[in-house]
Amino acid sequence: MKKSPQERKLERLLRSSKFSASGFMGNDRRNLWEIIDEDASEIMRAGKTMEEIAQRMRQITDTAKKGLGDWVHVSKTIKASVDDNRGTIPCPWPHHIRSLKRITTVQHIPTETIIRWSELNIHLIEEHGFFEGRGSAFRIEPSILVDILFPDE
Ligand SMILES: [Zn+2]
């Protein structure tokens with residue numbers, strides 16, 4: 001399918017380092033729509049929706065905020081800390097949304113896997129189904145995220 005000028009512009013923005021050092025696409029060779037499609041299938045296979053994932057991420061951030069930068073045990077398998085980075089970052093999609101730069105770091109206690117997200121990641125997942133490209137600093141692998149967020153399922 002031919003891309004519209006808006007889509008081309010968006011992809012250029014996502015590949016640039018205007019918003020974050022490695023850009024949102026990292027070194028991923030797939031185009032934006034391929035990345036979004038593949039991640040959406042992964043989430044569907046896991047039986048989840050973007051809304052459920054975003055909601056759980058937000059709950060974890062909200063609980064961890066109380067630690068004021070220290071680890072908070074969110075559940076039996078998760079501890080998290082929130083770094084209160086001031087300032088906001090714009091969503092690259094053309095709708096004038098800004099997100100806090102706040103970073104949540106999550107440790108999956110049984111495997112010691114660490115993942116992290118910014119408020120913008122939550123927005124990008126919820127509104128745009130975008131987990132960022134491979135190699136970008138804030139790419140979150142959907143399968144790993146789902147395993148950590150929903151450990152009992
Ligand atoms: Zn947006």
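**A walk through the predicted model**

In this predicted model, Lys48 is placed over the face of Phe150, at 4.2 Å from the ring centre. A second arrangement of this kind involves Arg116, which lies over the face of Phe138 at 4.1 Å from the ring centre. As for rings that pair with one another, a search of the whole structure finds one aromatic pair.

Arg116 also leads into the sheet, for in strand 6 this residue is the bridge partner of Thr105. The sheet itself is open and consists of four strands in the order 1-2-5-6, with antiparallel pairing. Its edges are strand 1 (72-73) and strand 6 (113-118), each of which pairs on one side only. In general, the strands of a sheet pair through backbone hydrogen bonds, in either a parallel or an antiparallel sense.

Going inward from the edge, strand 6 pairs with strand 5 in the antiparallel sense over six bridges, and the two form a hairpin with four residues between them, where Glu112 in the turn has a positive phi of about 60°. Strand 5 (residues 103-108) also pairs with strand 2 (residues 78-83), again in the antiparallel sense and over six bridges. Along this pairing, Val82 stands opposite Thr104 in strand 5.

Which residues have the most contacts inside the largest nonpolar core? They are Ile53, Met57, Trp117 and Leu145, in a core of 23 residues. Several elements supply at least two residues each, namely helix 3 (50-65), strand 2, strand 6, helix 4 (119-128) and helix 5 (142-149). Helix 3 gives the most to this core, with six residues. As a general tendency, nonpolar side chains in soluble globular proteins are buried together.

The remaining feature to visit is the metal site, where the zinc ion is coordinated by Cys91 through SG and by His95, His123 and His128 through NE2, at 2.0 to 2.2 Å. The angles among the four donor atoms run from 104 to 117°, and the site is tetrahedral. Along the chain, the donors follow the spacing C-x3-H-x27-H-x4-H.

Are the donors His123 and His128 buried or exposed? The cut-off for a buried residue is a relative accessible area under 20%. His123 has a relative accessible area of 10% and is therefore buried, and His128, at 15% relative accessibility, counts as buried too.

Note on methods
Residues are numbered from 1 along each chain as its sequence is written. This is a predicted model: local features need pLDDT of at least 70, side-chain atom pairs count only at pLDDT 80 or more; totals for chains, interfaces and linings use all residues. Side-chain values use heavy atoms; hydrogens and water are left out. Rings of Phe, Tyr and Trp (its six-membered ring) pair if their centres lie within 6.5 Å; planes under 30 degrees apart count as stacked, over 60 as edge-to-face and the rest as tilted. A charge sits over a ring if NZ of Lys or CZ of Arg is within 6 Å of the ring centre and within 35 degrees of the ring normal. Donors are N, O and S atoms within 2.8 Å of the metal (3.2 Å for Na, K and Ca); water is not among the atoms, so sites may look incomplete. Four donors count as tetrahedral if all angles lie between 85 and 135 degrees; four count as square planar and six as octahedral if opposite donors are over 155 degrees apart and all others between 65 and 115; anything else is irregular. Buried means under 20% relative accessible area, exposed over 50%, partly exposed in between (1.4 Å probe, protein chains only). Two strands pair if DSSP finds at least two bridges between them. A nonpolar core is a set of buried Ala, Val, Leu, Ile, Met, Phe, Trp, Tyr and Cys residues joined through side-chain atoms within 4.5 Å.
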